[in-house]
Amino acid sequence: MSDIAKDKAARLLKKRGSVSSLSSHEVRAKEILGKNKDSMSTVSYVDEPGHDIPRLAVQLENTYQLGPAKRFPVVTVNNILKDVLTNYLQEEKYEAELCRQMTKTISEVIKARVKDLMIPRYKIIVIVHIGQLNEQSMRIGSRCIWDPASDTFSSYAFKNTSLFALANVYAVYFE
Amino acid sequence: MDEFQSGEETSFVVEEVSNIMKEAIESAIGGNAYQHSKVNQWTTSVVEQTLSQLTKLGKPFKYIVTCVIMQKNGAGLHTASSCFWDNTSDGNCTVRWENKTMYCIVSAFGLAI
């Protein structure tokens, strides 16, 4: 059945995917839950946080800072995203194996370049989607609950003849 | 001197969050077929419902929820994410849902304040 095969492929993908990060955490895909007659869902997550290194809860001292010392430079990051996506994907055609590696590589590269900007006290989330252009329709949306005075995001969409790529960077201030 | 020690361990609980997301997806698009005119409304409602339920948990977290709805047409899609955060307190959870006409992928990231 194609559903089971897809699930296996997704699990393999998740397992292989964790190796590329510095501290490789096992990504677990739970079994198929809630199988309705006409819909199916699966859940996947990174290994339970806090269970690998048991340490006492760190109580941080007050910083007495009201806001971030240095704000997140959205324009610079926009340029980084444009740069990385165009360099990596300008000439590429959509191929399953290539794009699988490409998404992981690109997200690591973007994260490294944003970290190089050395913005203190910001946590970074980079999400990259690469898909095939096939006359299908799709909608990607996101909402965030955060402090709009200090947190922000940056986004860039790239398209060539056979694929499209979307990169989102969310920067959240750690108070 | 204020020694505020919260009773429970505040970390990202995947179980709760994934249930919230599944409920939100089911109520927004469960049983519907892909319709281009409605998809904007659907993504918005999935994400906003998830967020409002997450805030009701009352944990000291900032949340980012992403939703992708794609028509089933034989096309491939790859998604990857890289996060620079504190592994002990922050976490993420992704729910992939599909029916006969479309795929829906919802990811929630929770960052401790």
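Me: Why does I25(B) count as buried in this predicted model?

Reply: I25(B) has a relative accessibility of 0%. Buried means under 20%, so 0% puts I25(B) in that class.

Me: Where is I25(B) found, and what does I25(B) touch beyond residues up to four places away in sequence?

Reply: I25(B) is part of helix 1 of chain B. The residues that I25(B) touches are G30(B), V46(B), V95(B), W97(B), C104(B) and V106(B). For a distance along the backbone, take S45(B): 20 residues separate I25(B) from S45(B) along the chain, and their C-alpha atoms are 8.7 Å apart.

Me: Let's turn to S89(B). Where does S89(B) lie, and what makes S89(B) buried?

Reply: S89(B) sits in the loop of chain B between strand 2 (77-84) and strand 3 (91-99). The relative accessible area of S89(B) is 13%. The limit is under 20%, so a residue at 13% is called buried, loop or not.

Me: Which residues is S89(B) in contact with, leaving aside neighbours within four places in sequence?

Reply: Contacts of S89(B) are made with S11(B), F12(B), F61(B) and A112(B). V46(B), by comparison, is 43 residues from S89(B) along the chain, and their C-alpha atoms are separated by 25 Å.

Me: What makes the link between S89(B) and D90(B) a polar contact?

Reply: The side chains of S89(B) and D90(B) are joined at 3.3 Å. The rule asks for N or O atoms within 3.5 Å, and residues adjacent in sequence count only if both atoms are side-chain atoms. With 3.3 Å between side chains, the pair of S89(B) and D90(B) therefore counts.

Me: How many cavities of 30 Å³ or more does the structure hold, and what lines the second largest cavity?

Reply: There are two such cavities. The second largest has a volume of about 30 Å³. Its lining is made of F12(B), V13(B), E16(B), V17(B), L57(B), K59(B), F61(B) and Y63(B). Helix 1 (14-29) and strand 1 (61-71) of chain B each supply at least two of the lining residues. F12(B) and F61(B), both in this lining, are also among the contacts of S89(B).

Me: How do you know the class of each residue in that lining?

Reply: The lining has six nonpolar, no polar and two charged residues. Phe, Val, Leu and Tyr count as nonpolar, while Glu and Lys count as charged, so E16(B) and K59(B) are the charged residues of this lining.

Me: How many aromatic pairs are there over all chains, and why is the pair of F153(A) and Y170(A) called tilted?

Reply: The count comes to seven aromatic pairs. In the pair of F153(A) and Y170(A), the ring centres are 6.4 Å apart and the planes are at 35 degrees. Pairing needs centres within 6.5 Å, stacked means under 30 degrees and edge-to-face over 60, so 6.4 Å makes a pair and 35 degrees makes the pair tilted. F153(A) belongs to strand 5 (residues 152-159) and Y170(A) to strand 6 (residues 163-173), so the pair ties together parts of chain A that are 17 residues apart in sequence.

Me: Are these two residues buried, exposed or partly exposed?

Reply: F153(A), at 46%, falls between the limits of 20% and 50%, so F153(A) is partly exposed. Y170(A), at 1%, is under 20% and therefore buried.

Terms used
Residues are numbered from 1 along each chain as its sequence is written. Chains are lettered from A and ligands numbered from 1 in the order in which they are written. This is a predicted model: local features need pLDDT of at least 70, side-chain atom pairs count only at pLDDT 80 or more; totals for chains, interfaces and linings use all residues. Side-chain values use heavy atoms; hydrogens and water are left out. Helices (H or I, at least four residues) and strands (E, at least two) are DSSP runs, numbered from the N terminus. Buried means under 20% relative accessible area, exposed over 50%, partly exposed in between (1.4 Å probe, protein chains only). Contact means heavy atoms within 4.5 Å. A polar contact is a pair of N or O atoms within 3.5 Å; within protein, one must be able to donate a hydrogen and the other to accept it, and residues adjacent in sequence count only if both atoms are side-chain atoms. On a 1 Å grid over the protein atoms alone, a cavity is a set of points where a 1.4 Å probe fits but cannot get out, and a pocket is an open set with protein on both sides within 12 Å along at least five of seven lines; lining residues have an atom within 4 Å of a point. Grid points are joined across faces, edges and corners, and a volume is the space filled by probe spheres set on the points. Rings of Phe, Tyr and Trp (its six-membered ring) pair if their centres lie within 6.5 Å; planes under 30 degrees apart count as stacked, over 60 as edge-to-face and the rest as tilted.
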